[in-house]
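Reader: I would like to go through this model step by step, from its overall make-up to single residues. Please explain each term where it comes up.

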Amino acid sequence: MNSSIEWHGINLRWAYCELLPAIYNDIRCRHKAYDILHDALLKFAISPSTINLEKPHAYLRVIAHNLANEDRKFNKRLIAFSSDEFDLTAFLEDPTRAAPSPEELTSLKQRLEALQRVINRLPPKCREAFWLYRIDQRSLKEIADQLSISVNMVSRHITRAMLDLTRLQDQVL
């Protein structure tokens with residue numbers, strides 16, 4: 001049985017069985033590794049440069065690597081404490097044991113597609129303001145300057161995007 005599930009040219013089994021452990025090896029925190037993978041998938045989905053991409057897996061790997069580097073830079077200021085470590089030895093013996101099931105991958109794909117539809121339906125400035133604030137972590141003032149709109153308008157755009165995404169979350173859960 002072939003359990004590979006494709007999403008925007010990305011084999012989700014590969015993402016969870018190969019890319020996730022690589023991210024974990026870099027970050028050393030299971031939860032952050034999942035967060036980075038999910039952020040990378042979201043960034044990949046929204047990026048206009050992924051259309052007709054010859055090597056989507058390589059591009060996703062670069063996105064994840066850059067996100068891990070950003071996380072590492074951010075964490076230099078923090079003291080890490082984690083009692084729930086990922087069992088790398090067990091994972092390396094049987095990666096499918098830690099990987100999501102085909103059902104979980106299908107559910108993830110459906111949630112990602114729903115999220116993408118909501119984000120794609122946002123007006124362009126609203127979508128861009130949301131992206132700059134939540135993904136690029138820019139300040140409201142920086143976004144206002146970049147988009148040539150007021151800080152108040154940036155705040156309204158972000159609020160609208162968050163409300164739309166919250167409605168989606170309420171529907172999915």
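The questions and answers below go from the whole protein to helix pairs and then to single residues.

Reader: What kind of model is this, and how are its residues numbered?

Author: This is a predicted model, in which local features need pLDDT of at least 70 and side-chain atom pairs count only at pLDDT 80 or more, while totals for chains, interfaces and linings use all residues. Side-chain values use heavy atoms, with hydrogens and water left out, and residues are numbered from 1 along each chain as its sequence is written.

Reader: In what order do the elements of the protein run from the N terminus on?

Author: Helices (H or I, at least four residues) and strands (E, at least two) are DSSP runs, numbered from the N terminus. The protein has nine helices and two strands. From the N terminus on, the order of these elements is β-β-α-α-α-α-α-α-α-α-α.

Reader: What share of the residues in the protein is buried?

Author: Buried means under 20% relative accessible area, exposed means over 50%, and partly exposed is in between, with a 1.4 Å probe and protein chains only. Of the 173 residues in the protein, the buried share is 38%.

Reader: What share of the contacts with a separation of 6 or more comes from residues 24 or more positions apart?

Author: Contact here means heavy atoms within 4.5 Å. Among the contacts in the protein with a separation of 6 or more, residues 24 or more positions apart account for 65%.

Reader: Are H1 and H2 parallel or oblique to each other?

Author: Axes are lines fitted to C-alpha atoms, for helices over the stretch in contact, and angles run from 0 to 180 degrees between N-to-C directions. The axes of helix H1 (residues 12-27) and helix H2 (residues 30-46) come within 9 Å and cross at roughly 130°. Angles under 35 degrees count as roughly parallel, over 145 as roughly antiparallel, 65 to 115 as roughly perpendicular and the rest as oblique. H1 is therefore, relative to H2, oblique.

Reader: Is the crossing of H1 and H6 left-handed or right-handed?

Author: The axes of H1 and helix H6 (residues 102-121) come within 10 Å and cross at roughly 110°, so the two helices are roughly perpendicular to each other. Their contact is made by Leu 12, Arg 13 and Tyr 16 of H1 with Pro 102, Leu 105, Leu 108 and Lys 109 of H6. A crossing is left-handed if the near helix is turned anticlockwise from the far one by less than a right angle, and right-handed if clockwise. The crossing of H1 and H6 is right-handed.

Reader: Which residues does Ala 33 touch, not counting residues up to four places away in sequence?

Author: Ala 33 is found in helix H2, and it is buried because its relative accessible area is 1%. Ala 33 also belongs to the residues of H2 that meet H1. Not counting residues up to four places away in sequence, Ala 33 touches Leu 20, Ile 23 and Tyr 24.

Reader: How far apart in space, C-alpha to C-alpha, are Ser 101 and Arg 13?

Author: Ser 101 is found in the loop between helix H5 (95-98) and H6, and it is partly exposed because its relative accessible area is 24%. Ser 101 and Arg 13 are 88 residues apart in sequence, and their C-alpha to C-alpha distance in space is 8.9 Å.

Reader: With which side chain does Asp 71 share a polar contact?

Author: Asp 71 is found in helix H3 (residues 56-75), and at 15% relative accessibility it therefore counts as buried. Leaving aside neighbours within four places in sequence, Asp 71 is in contact with Ile 27, Lys 32 and Ile 36. A polar contact is a pair of N or O atoms within 3.5 Å; within protein, one must be able to donate a hydrogen and the other to accept it, and residues adjacent in sequence count only if both atoms are side-chain atoms. At 3.2 Å, the side chain that Asp 71 meets in such a contact is that of Lys 32.

Reader: Is Ser 148 buried or exposed?

Author: Ser 148 lies in the loop between helix H8 (140-147) and helix H9 (151-172), and it has a positive phi of about 55° although it is not a glycine. Because its relative accessible area is 66%, Ser 148 is exposed.
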